[in-house]
Amino acid sequence: MARGYERHYERHQGLSVFGKDLVRRCGAHCELCDAQGVSLKIFEVPPVGSEADFDHCVMLCESCLKQLRNPARRDPNHWRCLNKAVWSQVPAARVLAVALLESFIGREDWALLLREQLYLLPDEQAWVDSIEL
Ligand SMILES: [Zn+2]
């Protein structure tokens, strides 16, 4: 019990250490939909290892987080933001955006059109494929 708590605590501490750098990186904008002036939370892009990894962290707004966690409530209009997010300079944000985009293929025409414009490195594609949304 105590062990689990400790691990959780350490992970939490690990993520808090990233906080400042993440805020600086994202410029206080949601790294998927670009919303600003909203509260942002750290989301760890899977696969998540035993230790917190800065390169797997993205800063997301409440609205993105909620829809990310609840596929049934994903609003395709909200996710038009992927048009921009898939070009992100931040690998974790880009990979998460592509994984989300792929979840819309077959339902939204724009998703396939956008996906066809993207070229991912094999490593990135493997990362995308490993994310279950
Ligand atoms: Zn957002």
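These legends go with four close-up views of a predicted model.

**View 1. Four cysteines hold the zinc ion.** The protein donors here are the SG atoms of C30, C33, C61 and C64, sitting 2.2 to 2.4 Å from the zinc ion. Read along the chain, the donors follow the spacing C-x2-C-x27-C-x2-C. What arrangement do the four donor atoms make around the zinc ion? It's tetrahedral, because the angles they subtend run from 103 to 116°. As for exposure, C61 and C64 are both buried.

**View 2. C81 and its closest cysteine sulfur.** C64, already met as a zinc donor, turns up again here: its sulfur is the closest cysteine sulfur to that of C81, at 5.2 Å. Why is there no bond between the two? That distance is simply too far for one, given that a disulfide calls for sulfur atoms within 2.5 Å. Searching the whole structure turns up zero disulfides. C81 still counts as buried, because its relative accessibility is 15% and the cut-off for buried is under 20%.

**View 3. Helix α5, one face in and the other side out.** Helix α5 covers residues 109-117, and W110, A111, L114 and R115 are its buried members to look for. Viewed down the helix axis, the buried residues stay within an arc of 130°, so they line one face of α5. The general pattern is familiar: an α-helix has 3.6 residues a turn, so residues three or four places apart point the same way. Flip to the other side of α5 and you'll find D109, L113 and E116, which are exposed. And what covers the buried residues of α5? The cover includes three other helices, namely α3 (82-85), α4 (91-104) and α6 (122-130).

**View 4. E44 within the annotated span.** UniProt, in an unreviewed entry, puts the feature "domain: PhnA protein N-terminal proteobacterial" at residues 21-69. That span is 29% helix and 20% strand, and its end C-alpha atoms lie 24 Å apart. Zoom in on strand β1, residues 40-44, and you'll find E44. Is E44 buried or exposed? E44 is buried, because its relative accessible area is 18%, and under 20% counts as buried. Which residues does E44 touch, if you skip its neighbours within four places in sequence? E44 is in contact with R11, L15, A52, H56 and C57.

Notes. Residues numbered from 1 in each chain as written. Predicted model: local features only at pLDDT ≥ 70, side-chain atom pairs only at ≥ 80, totals over all residues. Heavy atoms only, no water. Donors = N, O, S within 2.8 Å, 3.2 Å for Na, K, Ca; no water. Tetrahedral: all angles 85-135°; square planar, octahedral: opposite > 155°, others 65-115°. Buried < 20%, exposed > 50% of the residue type's maximum accessible area, 1.4 Å probe, protein only. Helix = DSSP H or I, 4+ residues; strand = E, 2+ residues; numbered from the N terminus. Arc of directions from axis to C-beta. Contact = heavy atoms within 4.5 Å. UniProt positions renumbered as here; feature names shortened; annotations may be inferred.
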